[in-house]
Amino acid sequence: MSAAFPPSWYASSLPEPPALPPLRGELHADVAILGAGYTGLTAALELALRGQRVVVLEAQRIGWGASGRNGGQALVGYGCEVDELERQLGHEDARRLFDWSREAVQAMRARIDRHGIECHWVEGHASVAIRARHERDLRANCEHLQRHYDYPMQWWERDTLRGQLDSPRYRAAMFDPLSAHLHPLAYARGLADAARAAGVVIHEQSPVTRIQRGAQAVLHTDHGSVRAPQLVVAGNALLQGLMPELERRIMPVGTYIGASAPLGAERARALIGNNMAVSDTAWALDYFRLSHDHRLLFGGRASYSALPPPGLHRVMQRRMHEVFPQLADIPLQQVWGGYVDITRNRAPHWGRLDGNVYFAQGFSGHGVAAAGLAGEVIAEAIVGQSERLDVFQRLRHGPFPGGRLLRMPLLVAAMSWYKLRDALW
């Protein structure tokens, strides 16, 4: 198995660290964790700081999955809107979940400062509307969060928005001053360094081939095993048959990001004056931000099949130019992608099985901050404070229809309808 990290601007902008050794032999721990992404690493760090012996197994490299390739937008909230949380849990517990997500962004910033993680944290995020229907829905959501969640959301009409975002495409914006953006792979590696400094053992290139459940859970690899009374499954979209009862309730969705050629500081700030992150409200959404070296990082073009879209680089570049026509002379130098895991209702799917198997999945493209929250919540539950996990576990999640063979084609058909709706009205 190659130790190389998947190509991306994120990977090329950082020196590649030496690979950590694969697992060899049998280990015993208090907690075994599958997956060295944000959830697994945050849980490992929090548990180690509470005196637990923790071993993390990663099939590839630290941050190899969504944690090291995502759009870098650390947002308050979840993949679903608060009305889904209210429908299932009532306003009081929906408010608790929302407030915990707000605290999660603050906890990320505190963790970055405490452990000296260099990941270019910048605050500010705008959700932008393309069509009148989007604008009405977005404004209603903004007012609901202001009134019922005491959140300092701001509503920007077109002129205010154009003062910060030089694109003719958008009608209005919901501006969130507390959400942020960062270099996602640098953050993942910084988390791993902090966890190892706290005593966590991490083995890279150690894919788990079998999970043995029981009073002592065991993660098996081709060359060893880790036995522990507590297990955290943080593989998300990359479990690949290890936990079928979890995998039925998520769908891997491909999403793609490109990095432009360098723009220079002046031209970059002319695009986004306050350096905020931006995402639109269409189903096939675009999302973008500036990098610390003055590139435009532009994401979108989701794929609901197992294959990248045809002509991906060309399509991504065209979409970037539609948002910013003034960049017609600027190419995308790199395009990359990966899988995120969505649930049917886009709500987070976190919980516990068999009393000692903890899991978190279903971040639905909204996982940079929420995955860290999941790690915190699971760590608390393992040491006996399960109040927050119990609330998340009350969220209900149905399996995707169609079974193993038909669920992907059915999702493709459904998403095609939503894309058509966005295009027509």
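Mentor: Helices (H or I, at least four residues) and strands (E, at least two) are DSSP runs, numbered from the N terminus. This is a predicted model: local features need pLDDT of at least 70, side-chain atom pairs count only at pLDDT 80 or more, and totals for chains, interfaces and linings use all residues. Residues are numbered from 1 along each chain as its sequence is written, and side-chain values use heavy atoms, with hydrogens and water left out.

Trainee: How many helices and strands are in the chain?

Mentor: Count the DSSP runs of each kind. The chain has 13 helices and 19 strands.

Trainee: Why is the chain called as compact as a globular protein of its length?

Mentor: Use the radius of gyration, taken over C-alpha atoms. The globule rule is 2.2 Å times the number of residues to the power 0.38. For 425 residues the rule gives 22 Å, and the chain is close to that, so it is as compact as a globular protein of that length, with a radius of gyration of 21 Å.

Trainee: What share of the residues in the chain is buried?

Mentor: Buried means under 20% relative accessible area, exposed over 50%, and partly exposed in between (1.4 Å probe, protein chains only). Of the 425 residues, the buried share is 57%.

Trainee: Is histidine 203 buried or exposed?

Mentor: Histidine 203 lies in strand E8, residues 201-203. Its relative accessibility is 11%, so histidine 203 counts as buried.

Trainee: Which residue offers a backbone oxygen to the side chain of histidine 203 at 2.9 Å?

Mentor: Contact means heavy atoms within 4.5 Å. Not counting residues up to four places away in sequence, histidine 203 touches several residues, including Val55, Leu57 and Pro21. The backbone oxygen reached at 2.9 Å belongs to proline 21.

Trainee: What is the relative accessible area of serine 279?

Mentor: Serine 279 is found in strand E14, residues 277-280. Leaving aside neighbours within four places in sequence, its contacts include His125, Ser127 and Tyr287. Serine 279 is buried, and its relative accessible area is 9%.

Trainee: Which residues does leucine 238 touch, not counting residues up to four places away in sequence?

Mentor: Leucine 238 sits in the loop between strand E12 (230-233) and helix H8 (244-247). At 36% relative accessibility, leucine 238 counts as partly exposed. The residues touched are Trp64 and Gly65.

Trainee: What separates the C-alpha atoms of leucine 238 and serine 101?

Mentor: Along the chain, leucine 238 and serine 101 are 137 residues apart. Between their C-alpha atoms, the separation is 24 Å.

Notes: Polar contact = N/O pair within 3.5 Å; in protein donor to acceptor, adjacent residues only side chain to side chain.
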